[in-house]
Amino acid sequence: PRFYHLFLSGHIMGRHNNFSMRRTFPFFVSMSKLVDSARTEALATVPQWKEVDNRDAITRTFMFKNFKDAFAFMTKTAEYCDPKDHHPEWFNVYNKVEVTLATHTASGVTEKDIDLATAMDKFAQECNVKE
């Protein structure tokens, strides 16, 4: 369609804008919900994450030595996931960070969530998570 062509060529938004096709039209990035054996295999790679009851999501609670370590963990996570435009649902009180991951556009757990869970496990180790 004409509008789509104009948008892609930069005539609608201007050639030098801060919008990406992914942020402006997130439906261009397709991600399928993990099901059956693919889901089982993917979840096995993040064994400390548990499935959420009554929702297609995964969760983990991280406990740190103190607030500073918890905040460092959240900062590392934010820096990692923001460019990917995939963000966790989380809740923080002092040294405790409760995280839930799901891909809203897929209405469930996808490879994006497994990737983020793996990264968060690594960041937690770097920030002195209590086992």
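**Helix crossing and strand pairing in a predicted model**

Author: H4 passes H5 in a right-handed crossing. The model is predicted.

Reader: At what angle do the axes of helix H4 and helix H5 cross?

Author: H4 covers residues 67-81 and H5 covers residues 111-126. Their axes come within 9 Å. They cross at roughly 145°.

Reader: How do the residues of the contact of H4 with H5 divide into nonpolar, polar and charged?

Author: H4 brings Phe73, Lys76, Thr77, Tyr80 and Cys81. H5 brings residues including Leu116, Met120 and Phe123. The division is 8 nonpolar, 1 polar and 3 charged.

Reader: Which side chains of strand S2 point to one face and are buried?

Author: In a regular strand, side chains alternate between the two faces of the sheet. S2, residues 58-64, shows this alternation. Thr59, Thr61 and Met63 point to one face and are not buried. Pointing to the other face, and buried, are Ile58, Arg60, Phe62 and Phe64.

Reader: Which residue is the bridge partner of Phe64 in S5?

Author: S2 pairs with S4 in the antiparallel sense over 6 bridges. S2 also pairs with strand S5, residues 129-130, in the antiparallel sense over 2 bridges. In S5, Phe64 has as its bridge partner Val129.

Reader: Why does Thr103 count as buried?

Author: Thr103 lies in the loop between strand S4 and H5. Beyond its neighbours within four places in sequence, Thr103 contacts His86, Gly108, Thr110, Lys112 and Asp113. Buried means under 20% relative accessible area. Thr103 counts as buried because its relative accessibility is 3%.

Technical notes: Residues numbered from 1 in each chain as written. Predicted model: local features only at pLDDT ≥ 70, side-chain atom pairs only at ≥ 80, totals over all residues. Heavy atoms only, no water. Axes fitted to C-alpha atoms, helices over the stretch in contact; angles between N-to-C directions. Helix = DSSP H or I, 4+ residues; strand = E, 2+ residues; numbered from the N terminus. Left-handed = near helix turned anticlockwise from the far one by under 90°. Contact = heavy atoms within 4.5 Å. Nonpolar A, V, L, I, M, F, W, Y, C, P; charged D, E, K, R; others polar. Buried < 20%, exposed > 50% of the residue type's maximum accessible area, 1.4 Å probe, protein only. Pairing = 2+ DSSP bridges.
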